[in-house]
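User: Hello! I am new to this structure and would like to learn how to read it. Could you walk me through some features, starting from the general idea each time?

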Amino acid sequence: MSIYMEPIYIRTLAELHGIIGCPEPKHPLISVINFTESTFTVDLVKVELLNPFYVILLYNKRVHSSFSYGRKDIELNQGTLIVLRPDQIVQVYDIVSREGVEVWGIVFHPDLIRSSPTYEQIAQYNFLAYNLNEALQISVQEKEIIQTILNNILGEYQLIDDYSTTVWVHQIVLLFTYIERFYNRQFMAKKLEYTNIIIRFEKTLKALLSAQELERNGLPTVERLAKEMNLSRNYLGNLLKKETGKSTLEHVHTQVINKAKTLLFNNEDSVAQIAFQLGFEYPQYFSRLFKKKVGVTPSQYRKLV
């Protein structure tokens, strides 16, 4: 029997406030919550929450707990910033102590921005598809910037009028823009760590392009590569693009074409046979890809060498 309770589906901000023991929200679509002052009315340990909101959480002090999001685990530390997207499963577990916890959060429903161009803009941010174990670790200066925006949103939350939604939308765009910037800074700052990830990626790709793997599973997809490395597709793609200038798929294609050149040069198998050996379901796709990357068809290349 599972040790977890049935998932709790939170439908409204009022329900969320009830669960965490906060006063009624002042607006039906957005809330600013100081989790330091919350008194949970439901024991959330080992309980799955189905979250319909955008949630931005800023951890200002050490948190004695673990957290799961999208089936990925993370230890919460001072300076951790987490962005949760709607329609994901959230789970908190192993809470040891709440002493010293200082967590601020902005929670807003997609309907707050749905009629604004911001809705499509926010959907384009790659970090919304990152796993939780790829959360943003921000510096003291960056935390001050985020806290200022949080305070602006909180200030507007105290005096809601006809202009409030417009102000919130602009502040949310600013907040997400800074988060995108800080993620880019994090990519730049972690050169050694990312170099190790790239080395591991190259080894993983090489293994998946072995003859046995290609025969068993076909050409490796971006999704499979990310899964093998326990990274989200977007995070892996962004990392590779920043560090190598190539996307994940471009790396796959480069290695496949190199392998194809070797096969074309070293044996007399037909182009179709080589395509199947490389994991292509359709030889025509292999030939098109080869010509696109090399400038000539596989048959023409074979004659050149």
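Analyst: Happily; we will go through strands, a helix, aromatic rings and salt bridges in turn. This is a predicted model, in which local features need pLDDT of at least 70 and side-chain atom pairs count only at pLDDT 80 or more, while totals for chains, interfaces and linings use all residues. Residues are numbered from 1 along each chain as its sequence is written, and side-chain values use heavy atoms, with hydrogens and water left out.

User: Let me begin with strand β9: how many of its residues are buried?

Analyst: Two terms come first. Helices (H or I, at least four residues) and strands (E, at least two) are DSSP runs, numbered from the N terminus. Buried means under 20% relative accessible area, exposed over 50%, and partly exposed in between, using a 1.4 Å probe and protein chains only. In strand β9, residues 103-108, 6 of the 6 residues are buried. Val103, Gly105 and Val107 are covered on one side, and Trp104, Ile106 and Phe108 on the other.

User: Which strands pair with β9 in the antiparallel sense?

Analyst: Strands pair if DSSP finds at least two bridges between them. Strand β2 (residues 30-34) runs antiparallel to β9 with 5 bridges, and serine 31 has valine 107 as its bridge partner. Strand β4 (residues 54-59) is also antiparallel to β9, with 6 bridges; here tyrosine 54 is matched with phenylalanine 108.

User: How do I read a helix such as α1, and which of its residues are buried?

Analyst: An α-helix has 3.6 residues a turn, so residues three or four places apart point the same way. In α1 (residues 13-20), the buried residues are Leu13, Leu16, His17, Ile19 and Ile20. Viewed down the axis of α1, they fall within an arc of 160 degrees, so they line one face of the helix; the arc is that of the directions from the helix axis to the C-beta atoms. These buried residues pack against β1 (8-9), β2 and β9, where contact means heavy atoms within 4.5 Å. Just after α1, glycine 21 has a positive phi of about 75 degrees.

User: Next, the rings: how many aromatic pairs does the structure hold?

Analyst: A pair of aromatic rings is described by the distance of the centres and the angle of the planes. Rings of Phe, Tyr and Trp (its six-membered ring) pair if their centres lie within 6.5 Å; planes under 30 degrees apart count as stacked, over 60 as edge-to-face and the rest as tilted. The structure has 13 aromatic pairs. Phenylalanine 127 and tyrosine 183 are stacked, 5.8 Å centre to centre with 15 degrees between the planes. Phenylalanine 127 sits in the loop between α2 (118-123) and β10 (136-137) and tyrosine 183 in helix α4 (residues 164-189), so the pair ties together parts that are 56 residues apart in sequence. Tyr54, Phe108, Tyr125, Phe127, Phe176 and Tyr183 form one aromatic cluster.

User: Finally, how many salt bridges are there?

Analyst: Side chains of opposite charge can pair when their charged atoms come close. A salt bridge is a side-chain nitrogen of Lys or Arg within 4 Å of a carboxyl oxygen of Asp or Glu. There are 7 salt bridges in the structure. Glutamate 223 and arginine 233 form one, at 2.1 Å from N to O. Glutamate 223 belongs to helix α7 (residues 222-228) and arginine 233 to helix α8 (residues 233-244), so the pair ties together parts that are 10 residues apart in sequence. Glu213, Arg216, Arg224 and Glu228 are joined in a network of salt bridges.
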